[in-house]
Amino acid sequence: MAVRGGLQVPLYHFLLKTRDSRIPDRDGSEWPNESAANDEAALVAHDLMRNQECKRGSWRIEVCDEDLRPCSEILFAEIDETISHLPPEVRHRHIITSRRMAALSDAVLTLRMTLAEVLETLNHANTVMGALGGKRG
Amino acid sequence: MHGNGCLSALSAKAMSLFRPYLTETTFGEGTVLWEGKKLASEVYFPVSGLVSIVVALSDGGSVEVGSIGLEGAACAGFDADQSDFNTRGLVQIGGRFVRLPMSQLFAAKENTEIENLIAFCRDWILMQAQQEAGCTAVHSADKRFCRWLFQACERMETDTLLLTQETIASVLGIRRTTVTLIAQTLQAYGLIRYRRGKIVVLDRARLRAAACECCNSLDRQHWPSTRLLDARRSLNRKLSDF
């Protein structure tokens, strides 16, 4: 937490979640409160979504506090103004679909990470077994 | 004295018309070279810096409509008596610049090469403004970011750019946080490396591939320096055939 003019200003981090990656804003930035940080996240989402609304509805920005604890998350489809002219039920369906796609992306990313960890463990085990075999032989 | 492409492309004869009036200066990032609605007094030939031509907005912000590096020359307008331009000239990347009084530029325009220089530089600014308008309207922030970075490298003839994320944000009219997230993404994919105030492009070809199509529309063949060289070569060919 930074101190500006005798006042403590909280630091927030923004984590961009796309279909196949997690991109953190490592340095973070200072915002008066969580609401201001959320407003910034919404503006950033609009920047990133602009002219790509159809493809990026399932992208999200997570707002985290300085200890990287998640505070809130914005789903791009939820703030997409290009679908505001659609009937509410169609908009709602689009948002639900985007949310499910986001959940699927999370699951695929988690699976990839697990596979990478398993692979690393197996490689490590191979090295250890090789070394043990060498000692015995 | 100069490493500017336009000045280098001029023949010794054309250059002799300018030489007595040229001065070299260093401008830092953020220097305002001209303000809107004023007659141009000088033309600037970047040697190692980059000038942004921006349109100032009423809320204090501004958006870039063109930029000039080593490939061209920048001024408020390439017309002797036109002060209707609403642009501001801003040094986006500090460096060395060669300055020439506008009066001397126009005094020399009877020379065909100088006439070409004025026409090509004017075309270049107009062409960029048209392309920027289309680009801003339809292309995504990340593709525009890649395009701007690629073009800056090409026009500065370097892969290391000294500029802040705030600068890029103001050029593209997007949030600084957006720039941070895009830069982090490009870094994760090995296209760039960045620290505060410094961006190093690691793979210019992949950066171009990630950029919008505007890179093709504004590539080297359209640069004033390239067109000047082509015009000179063409004239030399005609003279040798004569």
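Which residue in β6(A) is the bridge partner of A:H13? In this predicted model, in which local features need pLDDT of at least 70, side-chain atom pairs count only at pLDDT 80 or more, and totals for chains, interfaces and linings use all residues, the partner is A:C64. Residues are numbered from 1 along each chain as its sequence is written, while chains are lettered from A and ligands numbered from 1 in the order in which they are written.

It helps to begin with the strands of chain A. Helices (H or I, at least four residues) and strands (E, at least two) are DSSP runs, numbered from the N terminus, and two strands pair if DSSP finds at least two bridges between them. Strand β3 (residues 11-17) of chain A runs antiparallel to β6(A), and 5 bridges join them. A further 5 bridges link β6(A) with strand β7 (residues 70-75) of chain A, again in the antiparallel sense; here A:C64 stands opposite A:P70. The hairpin of β6(A) and β7(A) has 5 residues between the strands, and A:L68 takes a positive phi near 65° in this hairpin. Strand β6 (residues 60-64) of chain A is mostly covered, with 4 of its 5 residues buried (20 or more other C-beta atoms within 10 Å of a residue's own, with C-beta atoms placed from the backbone).

Chain B has a sheet to follow as well. Its order is β2-β6-β4-β5, an open arrangement of 4 strands with antiparallel pairing. Strands β2 (32-34) and β5 (62-68) of chain B form the edges, each pairing on one side only. Within the sheet, strand β4 (residues 50-56) of chain B is joined by 6 bridges to strand β6 (residues 87-93) of chain B, and B:S52 stands opposite B:L90.

The largest nonpolar core (buried Ala, Val, Leu, Ile, Met, Phe, Trp, Tyr and Cys residues joined through C-beta atoms within 7 Å) has 91 residues. Among those with the most contacts inside this core are B:Y44, B:F145 and B:L149. Helix α5 (residues 141-156) of chain B gives the most to the core, with 9 residues. Leaving aside neighbours within four places in sequence, B:L149 is in contact (C-beta atoms, placed from the backbone, within 7 Å) with B:I199, B:V201 and B:L207.

Finally, the two chains meet. The contact takes 15 residues from chain A and 13 residues from chain B. On the chain B side, helix α7 (residues 176-188) provides the largest share, 7 residues.

Conventions: Two residues are in contact if their C-beta atoms, placed from the backbone, lie within 7 Å. A residue is buried if 20 or more other C-beta atoms lie within 10 Å of its own, exposed if 12 or fewer, and partly exposed in between; C-beta atoms are placed from the backbone.
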